[in-house]
Every structure is written in C-alpha cells, then in structure tokens.
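Here are my notes on this one, with the helices taken in turn and a few single residues at either end. Have the viewer open while you read.

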Amino acid sequence: FIDGANLYAAMRALDFEVDYEKLRAEFAQRGRLLRANYYTAILENNGEDFSLRPLADWLDYNGFNMVTKPAKEFTDAQGRRKIKGNLDVELAVDAMKMADHVDHIVIFSGDGDFKHLVNALQEKGIRVTVCSTIKSSPPMIADDLRRAADSFIDLIDLKPQIARKSRETRGAVNG
C-alpha cells in the first residue's frame, strides 16, 4: 500500500528517485506479493505544472493497482494556490478489506494517521511493516507510526535495491 504523495516527499528528502519496477520486484522476492496498490491524487489539465498522469499510466500498465482521484485546487486565506488530494481513507479501507486474505501488509507512508490502521490490522493478526525514513531532516515518519509497526524499513536502506539510475549513470559507457 503506497501513499504516493508521502513516498514522493520522502524520496525528495532523501534525494533519490524510485524505480517502481525494482520496488515491485524487491517486495515480490521478499514474500508472496498479492497486490501492489499505489494511491495518488491527480491534477488534471494542469498545464505547466508537474503531472502525475504519465507515472500513473506507467504504474497501471506495469502491474500496480492504481487508486486515484482528482486533486482539488483552491486558494487559501493568504491568497496562496493550494492543491488538496488525500487518499488516506481509501488506503485504510482497502487495507482492511485485504486483511482477511493476507498475513503481512507493507505500508509506504510516514503519515501518523495510519497508526490506527496499523493497530486495527494487528488486532486481526496481520503483521505490518512500514516503509518511510527517519534519516532525512526532518524525519518523514511520525514516531508513533514507526513504533506501532511490527517492523520498520528505512527507505535509505532500500536505496541500493530500488533507486532509479541517475541520468549520468544511465548514459555512461564502460571503457
């Protein structure tokens, strides 16, 4: 269960990009991967702004179950443009629905709101691993979420397995 916005923020804080094909393969080798869900809001017709549509389409085509909804754009009281698109409820509901069919759930998020989900899954006998980072400044995971999980994986420790090659490395020629 990947909280897309939260994972993206953690990756920026750690200064590397995820290769989602490698991420999926890494967790498929760690156990029986039933499903890889990716949750994100998408701002449609956003012109010059960064669009998640190409990533969402690629993930959907490459074995991820995409859960999306349109992001909402608004102006706050100070006149700043804000974008809102939270899928925490969708992620939590899907995890609870999946709980009767699995013995282990991995959540990619540092959002402290998921502590209650972790506790509810554990009460059903599900082992829960949370992936985020404490090695960024500031840490990208709520301390109570990290402590609630059965196990915690720091994303920086996964970097060798899941990092996308940099543009310089991809174009390098061995001599």
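Where does Pro 138 lie? It lies in the loop between β7 (127-132) and α6 (143-148).

Before the points, some housekeeping. This is a predicted model, where local features need pLDDT of at least 70 and side-chain atom pairs count only at pLDDT 80 or more, while totals for chains, interfaces and linings use all residues. Numbering runs from 1 along each chain as its sequence is written, and side-chain values use heavy atoms, with hydrogens and water left out.

1. Stay with Pro 138 for a moment. The peptide bond that leads into Pro 138 from Ser 137 is cis, with omega near 0°. As for the element names, helices (H or I, at least four residues) and strands (E, at least two) are DSSP runs, numbered from the N terminus.

2. Another loop residue to click on is Asp 15, between α1 and α2. Its phi is near 60°, a positive value in a residue other than glycine. Asp 15 is exposed, at 66% relative accessible area (buried means under 20%, exposed over 50%, partly exposed in between, using a 1.4 Å probe and protein chains only).

3. Now α2 (20-30). Its buried residues are Tyr 20, Leu 23, Glu 26 and Phe 27. Down the helix axis these fall within an arc of 120°, so they line one face of α2 (the arc is that of the directions from the helix axis to the C-beta atoms). Glu 21 and Gln 29 are exposed on the other side. At the N-terminal end, Asp 19 acts as the cap, with a side-chain oxygen 3.0 Å from the backbone nitrogen of Glu 21.

4. Leu 23 deserves its own look. This α2 residue counts as buried, at 3% relative accessibility. Beyond its neighbours within four places in sequence, Leu 23 is in contact with Ile 2, Val 18, Phe 108 and Ile 162 (contact means heavy atoms within 4.5 Å). Leu 23 and Arg 164 sit 141 residues apart in sequence, yet their C-alpha atoms are 9.8 Å apart in space.

5. On to α7 (residues 155-162), where Leu 155, Leu 158 and Ile 162 are buried. These residues fall within an arc of 55° seen down the axis, so they line one face of α7. Their cover includes α1 (4-14), α2, β6 (104-108), β7 and β8 (151-154). At the start of α7, Asp 154 brings a side-chain oxygen to within 3.1 Å of the backbone nitrogen of Ile 156.

6. How do α2 and α7 pack? The angle is about 105°, with the axes 9 Å apart (axes are lines fitted to C-alpha atoms, for helices over the stretch in contact, and angles run from 0 to 180 degrees between N-to-C directions). That makes the two helices roughly perpendicular (65 to 115 degrees; under 35 is roughly parallel, over 145 roughly antiparallel and the rest oblique). Lys 22, Leu 23, Glu 26, Phe 27 and Arg 30 of α2 meet Leu 158, Gln 161 and Ile 162 of α7. By class, that gives four nonpolar, one polar and three charged residues (Ala, Val, Leu, Ile, Met, Phe, Trp, Tyr, Cys and Pro count as nonpolar, Asp, Glu, Lys and Arg as charged, and the others, Gly among them, as polar).

7. Next, α4 (residues 88-98) and α5 (residues 115-123): they pack at about 5°, with axes 10 Å apart. That makes α4 roughly parallel to α5. Leu 91, Ala 92, Ala 95 and Met 96 of α4 touch Leu 117, Ala 120 and Leu 121 of α5. This contact has seven nonpolar, no polar and no charged residues.

8. Within α4, the buried residues are Asp 88, Leu 91, Ala 95 and Met 98. They cover an arc of only 100° around the axis, which puts them on the same side of α4. Val 89 and Lys 97 are exposed on the face turned away from that buried side. The buried residues pack against β1 (2-3), β2 (37-42), β6 and α5.

9. Last, Asn 37 in strand β2. Asn 37 counts as buried, at 4% relative accessibility. A polar contact of 3.2 Å joins its side chain to that of Tyr 39 (a polar contact is a pair of N or O atoms within 3.5 Å; within protein, one must be able to donate a hydrogen and the other to accept it, and residues adjacent in sequence count only if both atoms are side-chain atoms). Setting aside neighbours within four places in sequence, Asn 37 is in contact with Phe 1, Ile 2, Asn 65 and Asp 94.
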